[in-house]
Amino acid sequence: SKYLIGLTGGIGSGKTTVANLFAELGIELVDADIVARDVVEIGTSGLNQIVDHFGRQILNQDASLDRSALREIIFNQPKERSWLNNLLHPIIRTEMLNQLAASSSPYTILVAPLLFENELDRLVDRTLLIDISPEQQRKRTVNRDSVTNEQVEKIISSQAPRAEKLLKADDVIDNHGEISALKSKVIALHNNYLKLSNNA
Ligand code: ATP
């Protein structure tokens with residue numbers, strides 16, 4: 001489809017929960033995190049180029065990418081970090097655009113935690129933010145994953161501030177309420193997106 005919605009929100013905000021409700025309505029999803037993983041799977045040119053550059057020390061026993069080894073290398077080496085970004089960003093972007101173009105639902109949703117941070121909002125027609133307070137983000141993430149408050153805090157502060165995302169987003173779902181309150185909000189947005197995609 002041609003009409004694209006970018007769905008974003010900080011860690012633990014409820015992106016996956018909301019995206020699944022759109023999927024139940026027949027809307028196809030492209031997940032930026034999954035694409036980012038796919039392009040460095042075994043056998044991809046992405047992974048081959050990383051191995052050519054960093055050596056086989058970057059691989060696990062099973063020849064898959066050792067993410068923590070890679071993270072460690074680029075952590076204190078800005079030059080290597082930008083080498084990696086320059087390699088992967090265009091590959092990820094192309095793959096995302098291919099998957100979005102292959103979708104046949106009336107509109108398509110790109111789910112991306114870092115939609116604004118990585119300027120992926122430029123690829124979409126409209127943006128939808130799942131908004132919750134940092135306190136709720138911490139609570140729900142610690143509840144879901146085995147991570148500490150401090151680890152969640154670190155991730156929250158690495159993402160764009162809530163106020164900035166609220167300013168940028170075209171649509172906002174307030175997710176402070178119950179999960180059961182989300183369905184009717186999603187249906188209302190869905191009807192609007194169907195109209196917008198029809199007129200696009
Ligand atoms: P991440 O970016 O970390 O992958 P996410 O934005 O996709 O997170 P979800 O996984 O959808 O967020 O939600 C985070 C957690 O909060 C999940 O355990 C989910 O079930 C729960 N959750 C989502 N919405 C609500 C809500 N309104 N009330 C209570 N719990 C919720």
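**Figure 1. Surroundings of Met 96 in the predicted model.** Met 96 touches Val 30, Ala 32 and Val 35. Its further partners are Leu 110, Leu 120 and Leu 123. Residues up to four places away from Met 96 in sequence are not counted among these contacts.

**Figure 2. The largest nonpolar core, comprising 31 residues.** Met 96 is listed with Ile 50, Phe 54, Ile 58, Leu 88 and Leu 110 as the residues that have the most contacts inside this core. At least two core residues come from each of the helices α2 (32-38), α3 (45-54), α4 (67-75) and α5 (78-102). Helix α5 gives the most, with 6 residues. Domain 1 (3-27 + 105-199) and domain 2 (41-94) both contribute residues, and the core therefore lies between them.

**Figure 3. A second nonpolar core, separate from the largest one.** This core has 18 residues. Among them are Leu 7, Ala 19, Leu 21 and Tyr 107.

**Figure 4. Packing of helix α6 (residues 134-144) with helix α7 (residues 149-158).** The two helix axes come within 10 Å and cross at roughly 130°. Because this angle falls outside the ranges for roughly parallel, perpendicular and antiparallel pairs, α6 is oblique to α7. The crossing of α6 and α7 is right-handed.

**Figure 5. Residues in contact between α6 and α7.** From α6, the contact is made by Pro 134, Gln 137, Arg 138, Thr 141 and Val 142. Helix α7 contributes Asn 149, Val 152, Glu 153 and Ile 156.

Notes
Residues numbered from 1 in each chain as written. Predicted model: local features only at pLDDT ≥ 70, side-chain atom pairs only at ≥ 80, totals over all residues. Heavy atoms only, no water. Core = buried A, V, L, I, M, F, W, Y, C linked by side-chain atoms within 4.5 Å. Buried < 20%, exposed > 50% of the residue type's maximum accessible area, 1.4 Å probe, protein only. Helix = DSSP H or I, 4+ residues; strand = E, 2+ residues; numbered from the N terminus. Domains from an automatic or database assignment. Contact = heavy atoms within 4.5 Å. Axes fitted to C-alpha atoms, helices over the stretch in contact; angles between N-to-C directions. Parallel < 35°, antiparallel > 145°, perpendicular 65-115°, else oblique. Left-handed = near helix turned anticlockwise from the far one by under 90°.
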